[in-house]
Amino acid sequence: MRIANLDGRLVLITDGGAVDVERASGGSFGADPQAVFDRWAEFTAWARDLQGAEARPYEITGLRSPVPLPRQIFAIGLNYREHAIESGFEIPEHPVVFTKFASAITGPTGRIALPEGKVDWEVELVAVVGERAYQVDEADGWNHIAGLTVGQDISDRHQQFIAPPAQFSLGKSYPGFAPMGPVLVTPDEFADRDDIELGCSINGESVQKARTNDLIFSIPTIVARLSAVLPLLPGDVIFTGTPSGVGQSRTPARFLQPGDELVTYVNGIGEMRHTFE
Ligand code: ZN
């Protein structure tokens with residue numbers, strides 16, 4: 001199943017187009033894309049049985065973040081071996097956790113303003129929580145994930161390393177620095193939900209490409225480790241970490257420039273397309 005946020009309304013994405021959930025359900029489910037995660041099991045049961053609903057064509061530019069206002073956003077740093085090494089850190093024994101503040105969320109297309117600084121790209125697979133998770137075993141971790149979407153953990157390295165110790169959250173939270181989309185895909189849609197290709201390119205040149213079976217802490221492990229401390233709430237977002245190939249680790253270092261087009265994809269989900277200004 002694929003869902004999306006079309007001009008602020010929750011839709012199901014089908015072969016024929018977008019099905020408006022509030023209309024198709026006769027109001028049983030509301031239009032708010034964020035609210036659906038509070039009734040995720042009920043919603044998916046309804047959607048799987050749905051037949052004959054009116055599907056309409058839609059423009060990709062009408063899509064917004066499928067998760068517009070989560071209560072909590074978790075992000076995992078240094079979660080691919082080669083990226084930890086290129087960043088000059090040890091392979092972490094415990095997940096490195098920070099947040100991206102919710103005002104940084106934007107949709108899968110559009111323009112993003114560059115602050116003065118050194119703005120870098122980080123393709124990431126994003127997992128969205130369905131059922132509340134508290135003190136969950138790793139073996140049960142996937143059962144708490146509603147679906148997966150494409151994310152960019154856009155990062156200003158100047159702000160991140162402005163003074164020791166490094167602080168991750170602020171420099172990764174300028175407006176537009178947490179794009180997500182274009183759709184949310186349920187884990188059952190993937191041939192292997194633990195081995196998914198992701199990558200990004202700048203002006204057509206590939207800069208990152210990897211597979212999630214290289215994650216140091218897998219999605220179920222992240223769910224177990226985070227939920228050991230605090231509850232993960234329906235609609236919470238987890239940026240799972242970026243693979244190697246970021247700009248700051250290049251020789252010479254490379255950062256995003258006005259006019260650059262960044263295309264970010266995850267196989268089986270789709271792509272995002274952003275221009276910087
Ligand atoms: Zn990241």
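The exercises below, each with a worked solution, concern a predicted model.

**Exercise 1. The zinc site**

Find which residues are the protein donors of the zinc ion, and state how they are spaced in sequence.

Solution. Begin with the atoms around the metal: the protein donors are Glu122 and Glu124, each through OE, and Asp153 through OD, and they lie 1.9 to 2.1 Å from the zinc ion. Next, place these donor residues along the chain, where their spacing reads E-x1-E-x28-D. Finally, consider accessibility, for which both Glu122 and Glu124 turn out to be buried.

**Exercise 2. The two faces of helix α2**

Determine which residues of helix α2 are buried, where they fall around the helix axis, and what covers them.

Solution. Helix α2 spans residues 40-49, and its buried residues are Trp40, Phe43, Thr44, Trp46 and Ala47. When the helix is viewed down its axis, these buried residues fall within an arc of 160°, and therefore they line one face of α2. On the face turned away from that buried side, one finds the exposed residues Ala41 and Asp49. The cover over the buried residues of α2 includes the strands β1 (2-6), β2 (9-14), β11 (145-152) and β13 (178-185), together with helix α1 (21-24).

**Exercise 3. The largest nonpolar core**

Describe the largest nonpolar core, and explain why it lies between domain 1 and domain 2.

Solution. The largest nonpolar core has 77 residues, and among those with the most contacts inside it are Phe43, Leu148 and Ile238. The element that gives the most to this core is strand β10 (residues 123-129), which supplies six residues. Since domain 1 (2-58) and domain 2 (64-276) both give residues to the core, it lies between them. For a closer view, take Ile238, which, when neighbours within four places in sequence are left aside, is in contact with Phe74, Ile76, Leu125, Val126, Ala127, Val129, Ile222, Leu226 and Leu232.

**Exercise 4. Two residues in one loop**

Locate Asn79 and Leu78, and work out which residues each of them contacts.

Solution. Asn79 is found in the loop between β5 (73-77) and α3 (81-86), and the place of Leu78 is likewise in the loop between β5 and α3. Buried means under 20% relative accessible area; Asn79, with a value of 0%, is buried, and Leu78, with a value of 11%, is buried as well.

Turning to the side chain of Asn79, one of its polar atoms lies 2.7 Å from the backbone nitrogen of Phe217, while the side chain of Asn79 also reaches the backbone oxygen of Thr240 at 2.9 Å. Not counting residues up to four places away in sequence, Asn79 touches Asp214, Leu215, Ile216, Phe217, Ile222, Thr240 and Gly241. With neighbours within four places left aside, the contacts of Leu78 are His83, Ala84, Ser87, Phe89, Pro92, Val96 and Ile216.

**Exercise 5. Pro220 and its surroundings**

Decide whether Pro220 is buried or exposed, and find which residues it touches.

Solution. Pro220 is found in helix α6, which covers residues 219-227, and at 10% relative accessibility Pro220 counts as buried. Along the chain Pro220 and Asp137 are 83 residues apart, and their C-alpha atoms are separated by 8.2 Å. Once residues up to four places away in sequence are excluded, Pro220 touches Glu138, Gly141, Trp142 and Asp194.

Key. Residues numbered from 1 in each chain as written. Predicted model: local features only at pLDDT ≥ 70, side-chain atom pairs only at ≥ 80, totals over all residues. Heavy atoms only, no water. Donors = N, O, S within 2.8 Å, 3.2 Å for Na, K, Ca; no water. Buried < 20%, exposed > 50% of the residue type's maximum accessible area, 1.4 Å probe, protein only. Helix = DSSP H or I, 4+ residues; strand = E, 2+ residues; numbered from the N terminus. Arc of directions from axis to C-beta. Contact = heavy atoms within 4.5 Å. Core = buried A, V, L, I, M, F, W, Y, C linked by side-chain atoms within 4.5 Å. Domains from an automatic or database assignment. Polar contact = N/O pair within 3.5 Å; in protein donor to acceptor, adjacent residues only side chain to side chain.
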